[in-house]
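Here are my notes on the model you sent round. Please read them with the structure open.

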Amino acid sequence: MADAFAIELKNIKKSFGAVAANRNINLSLRQGEILALLGENGSGKTTLMNMLSGIYRPDGGEIFVNGERVDIASPEDAKRLGIGMVHQHYRLVEVFSAADNIWLGRNCPKYPFREKLKSVCAEKKGWRRLTAGGKVLVCGAGAAFSERLLRKKRYQEVEKICSAFGFSIDPAKKVYNMAVSEKQTLEIVKVLYYGARIIILDEPTAVLTVQETEKLFEVLRRMKAEGHSIIIITHKLNEVLAISDRVAVLRKGEYVGTVETAEANEQMLTDLMVGHRVDLNIERPVVEKKKPLLEIRNLTVRNDEGVRAIDDVSFYIRGGEILGVAGIAGCGQRELCEAIAGLRKIESGEMVHKGENIVGLMPREIIEKGISMSFIPEDRLGMGLAPSLSITDNMLLKTYKTGSRPFSPFVDRRRGRAEAARIIEELGVVTPSTETPVRRLSGGNVQKVLVGREIQSGPNVIVTAYPVRGLDIHSSYAIYDILNRQKESGVGILFVGEDLDVMLALCDKIMVLCHGRVMGIVHASKTSKEELGLMMTGTLNLVRDDADAGKKTGIARDTNIREDDVR
Amino acid sequence: MKTMKRFHIVRREGVSLRRKCLYYVIAIFSALLLGALLLLTCGVNPLDYYAKVFTIGLSTARFPAKQVENFLNALVPLVLTSLALSVAYKMRFWNVGGEGQFLIGATAAAAIPLGLGSVGGTVPTLLLMAAAAMLASALWGGITAFFKVKFGTNETLLTLMLNYVALYFVSFLGETKGKWNFFLRTDSDRPIFASVFDTVAMPALRIGDFSLSLALPLTVLICVFLWFYLKKTKQGYEIAVIGDSPGTARYAGMKTGWIVVRTMLLSSALVGLAGFFKLMTSGSLSASITDNVGWTGVVVAWLSKLEPLGIVATSVLICVLRFGCSQASVNVSAVDSRFSDILQGVILFAVLAADFLLRFKIAKKEEAC
Amino acid sequence: MKKVLSLFLAVLMLTGVLALVSCGSGGAVDLTVGAVYIGSQTEPAGYTYAHANGIKKAIEALKKEGYNVKLLVRDNVPEEDAAVTEAIDALAGQGCELIFGISFGYLNAFSSAAEKPEYKDIVFSHATGYLSNETNFNNYFGRIYQARYLSGIAAGLKAKANGVKGQDNKYHIGYVSAYGTEYAETCSGINAFTLGVQAILGDEALVHVKTINTWGDPQKEKQAAEALINTYGCVVIGQHCDSAQPQIAAQNAGVFGCGYNSDMTESAKDAHLVAPIWNWDVYYKLAMKTVITDRTAFMEDVGNYYGGLKEGFVDISPVSKNCTSDTQDKVDAVRELIISGEWDVFSNVKLSFDADGKVVRTESALVTNEGKTVISADNSSYYVLNDAGEPVAVEGGASAVDSIIKGSMNYFVAGIEVEND
């Protein structure tokens, strides 16, 4: 075969305990193509790719690389075969610079002087051998040492690779100072540095903004043009259609099929992936709007580094509406959420909830006022859930103290269990029991537990950030549905999101943040993706002070409520 | 191409309780076997030796009741200290200051009868002693928590260093004669700690020759209380959440700083109580009054995965070993009483190995390459 | 799994077989003795070794007399009452009729064990303590100060022969001590040594004392000895601490020394003169034999034991080749005076030697290095110092009574200088 497949998998099997993660997977990657690997959460995509990169070993089946049968027992093996993987959770040493992170994996000769010594000893005799040997030993040790020393040269080498692919990365920058997209770029550079010809990217766009994604795609296309073969794992159908040549679909650990992207459309891919039709239209029920529940006035908050993360922000949420917050990653969303929940010190400004200023209240008091905040961080765990505790215990997190038995010293686990059971039932959480530790659940199920709990606490304001982050379509819709039900019952919702399509469909109004400042609040039905994109990058700022009335323009008003009601 | 055997480590999930028990039993058994070989090389009959160890020397004792009493006296402080430490560990607060808290507790308890004499009878005196022990220890340990919460200091270092402060403080008390130093015997020209037994004694229930100290039932009660506290109460729940994820605890509106301080106060107060109990079996203070329970307690707490019942079981095992070995070594001149330290170490390693094998399995594979 | 189990069984059977092979020896036992040690019984030197060795020697000696004594040991027992009580209970439980405790800190536990009715038939014997009862609890210790006086004579003679004096025209002699006046044991030892030195050198002697605040720490002992030699120009180093380091330091500096506990000539053959030593077996044999023959007579026959040169309980090691030629004669002369009971160290009589080497006795007050009289020259008043450092009269005989030497002595005699860091 002249043009062998870059990778060919035949009947790959892998199980973890009793759970079969992969069953008889057949997959092929052509030379120089971009293959999208599509599948819902838990369909076995990551497991499959981990077998290619040597992290797991298949229980059965065969792997061919460039037509030859191979056994990939370790990441070293994968590296040797030219397979590089960019993981969803980056594997970087935070305190090292970009260049050092790349340098880390270099193979340097372990005992250069021992080999040299042997050769010297073979040649020379007696005293001369001894002195020559000594010299080699000293020089060799020095050389070996300097080999391990980090030389300035590495920065240039790394920079060279970067410019070749059009990456902009500062080789001396420490990883902990990097933004998410920079870390990802670094991972890709690392893979390329070691000469990978086959590159696997696990959900690379989950943490990127639209612009960053587009930049990534450009890089991928250039890599493809240079003859690299790429597998990209993603949930986002528009991205699949935009970047890939072919799409392979997995469903529940099984291989469903591969289609040429040119012949595919969103509907068809969704059908392949979920096995049943998912209504792509998100409903937006019209609810009679009420008075503002939560009003934020001139809020200023600093981030951990002391920089203003939220700068003079004002907005309000009414009962029965969903206010979307759009913005590129790290433009103050997290700080805004934490400020509302009482977790972050407020520099200046007011937060009025039902006519009462809640600035300076303890987080517990804010919870008791019925303001719920759920924030799904990039690693999905860590905030809002205690991973080692059971679902039951996690249900009780916010209500254990004042919930059903405010004066009893004991935790009401029966209530927790009932709530856990209800969420498992209603949201279709896949778990052996209510007593399973949350960390044993898969990502989507973890989020369902978190969002479910927030809603069950019966809040009147829900602040939710990235509730569908990393979720498959089916689960995402379930969550949109939950939010809409809440909206209908009169709850005010602040929805911090990343997918503009979703926000345009789901939210009533959208507030756009750029570097902590409000660029404008627009009615979702009256705006476009392009407008939002321009505002997110700061190109378009609708907010202007109207000197005459002391009011600001660019803030969408609700026609059926007069200005007096706001105050 | 040739076939190659490769070993790799695979995570195990859902191991049955029976299998767990079996593994631990095998681990302990193999450790004992290793100990037996060691005994053989010293020319000691391992069967005789182990028989003495595991019957804690009861088989040949003229006063078996005393043996049991002494065994329980050694067991009570260990159980209580391990339990107390485990409370802090649940919160991922590395309290390694058991030794110091124990010493401070014992010292504070001793100060009451030695400094004030009997305060309105035995029971009030004892209650006052217990309160003093718990309060002093709680403060001693609470300082660490306070500094951690307030200034982010490292609690491991601080508790560790405070151990030595406490140790040297007690040594100082024991070596310095002076009018102010009411801890010492007045009739001795050489400094030596006075006995509290001249003033108070722990109430005990006499059953024939055997007298059951009140400390034992109290410890059992505390054990049950702690089980409920950790598993059922809101405070226990808070400890679990903070131990698992401090960020989440803050998010859930818990006052994490106060909870850390409160839990550490409880933990060190209980260690102090153990110090008081020990003082009431020793009678007098000494720098070695801890019998190393502050250190052993750390091992016990971790070996038993911070489970109250496991702590009791592990404490009994370790205590049987230590106590039994010192009983057995009476007749044996080749092996001294510190043989138990060796056994304990070997058992620890074996149990850790079993733990590893319970969590992972080593899979073997033959493959072409 | 089966493989593992069968392996276990095999090894178990092996141990069983081996166990049967090694069986103990029997014989009628006349006495079962228990001993509670502070250190390990397998130690090759040191305090526990000295006692363990003494007990073994005594048992061997009794065996020659036809008595079979069985020894049970609890070692590594810290000075903690619960631990000591537990050790006593274990030994009593195994049938011991006589139990020795070798460390001072065992005091409380031994005294309360002796009071227990179930132990009324067991004799408790406690070293270095001061408590006892009428029936079954005694304490034992020795007049090591007598031996120290003799070693002081050897030291004085060597210093005089050496001839090196300091700028103050005095012979400088050093003494490394565990503690100072806080323990009568160390205090009386330093005083006796100094008085021995003064028997030869009179006012020309100055004894520098350096305390290390521990009964044994080789590093500190060495440093103290080196400081005494280098800073104060001491030519002889006496010691009251466990290791031979002061003697080795003396040898390295080319000076001389008197060791302690054992003949330290082995460690410092060019420097060591004589060492005050203990013969613990003397007491242990006496105690065991008394219990074998008549236990009820123990407190009458043995009582609180305070043996000295007379009983052979303390002595000095053989005079080494480093000593001056007249050392043996002069030491023997004084030894005779002490054994006969004619004279003892802490009295109003000072010894010296005339040109012929004869002992000369002079009546003279015993004065502290702060100039306070503790024994008057006319032998009428005896004092100890109170907390304020003022002499307080106590009852006494011809010389300082034992209770002072053992317990309340809290001063240094004239001619001693304490050197602090």
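The points below cover the domains of one chain, a strand and a histidine within that chain, and a contact between two other chains.

1. Status of the model. This is a predicted model, and the remarks that follow should be read with that in mind.

2. Domains of chain C. The domain assignment splits chain C into domain 1, made of 31-142 + 279-307, and domain 2, made of 144-275 + 317-418. Between the C-alpha centres of domain 1 of chain C and domain 2 of chain C the distance is 31 Å.

3. Contact between these domains. Domain 1 of chain C contributes 7 residues to the contact and domain 2 of chain C contributes 6 residues. On the domain 1 side, α2 (47-64) and β5 (137-142) of chain C each provide at least two residues. That side of domain 1 of chain C, where it touches domain 2 of chain C, has 5 nonpolar and 2 polar residues, and no charged ones.

4. Strand β4 of chain C. This strand covers residues 123-127, and 5 of its 5 residues are buried. One side of β4(C) carries C:Val123, C:Ser125 and C:Ala127, the other C:Phe124 and C:His126, and both faces are covered. In general, side chains in a regular strand alternate between the two faces of the sheet.

5. Neighbours of β4(C). Strand β3 of chain C (residues 98-101) pairs with β4(C) in the parallel sense over 4 bridges, and C:Phe100 stands opposite C:Ser125. β4(C) also pairs with β5(C), again parallel and over 4 bridges; here C:Phe124 has C:Phe137 as its bridge partner. Helix α4 of chain C (residues 107-115) joins β3(C) and β4(C) in a right-handed β-α-β unit.

6. C:His172. Is C:His172 buried or exposed? It counts as buried, because 21 C-beta neighbours lie inside 10 Å, and the cut-off for buried is 20 or more. C:His172 sits in strand β6 of chain C, residues 171-177. Leaving aside residues up to four places away in sequence, C:His172 touches C:Gly166, C:Leu206, C:His208, C:Tyr232, C:Gly233, C:Cys234 and C:Val235. C:Asp242 is 70 residues from C:His172 in sequence, and the two are 23 Å apart in space, C-alpha to C-alpha.

7. Contact between chains B and A. Chain B gives 20 residues to this contact and chain A gives 26 residues. On the chain B side, β1 (3-11), α8 (234-244) and α9 (246-251) of chain B are the elements with two or more residues, and α8(B) gives the most, with 5 residues. The side of chain B that touches chain A divides into 6 nonpolar, 7 polar and 7 charged residues.

How values were computed
Residues are numbered from 1 along each chain as its sequence is written. Chains are lettered from A and ligands numbered from 1 in the order in which they are written. This is a predicted model: local features need pLDDT of at least 70, side-chain atom pairs count only at pLDDT 80 or more; totals for chains, interfaces and linings use all residues. Domain bounds come from an automatic or database domain assignment. Two residues are in contact if their C-beta atoms, placed from the backbone, lie within 7 Å. Ala, Val, Leu, Ile, Met, Phe, Trp, Tyr, Cys and Pro count as nonpolar, Asp, Glu, Lys and Arg as charged, and the others, Gly among them, as polar. A residue is buried if 20 or more other C-beta atoms lie within 10 Å of its own, exposed if 12 or fewer, and partly exposed in between; C-beta atoms are placed from the backbone. Two strands pair if DSSP finds at least two bridges between them. A crossover is right-handed if, with the strands pointing away from the viewer, the path from the first strand over the helix to the second runs clockwise.
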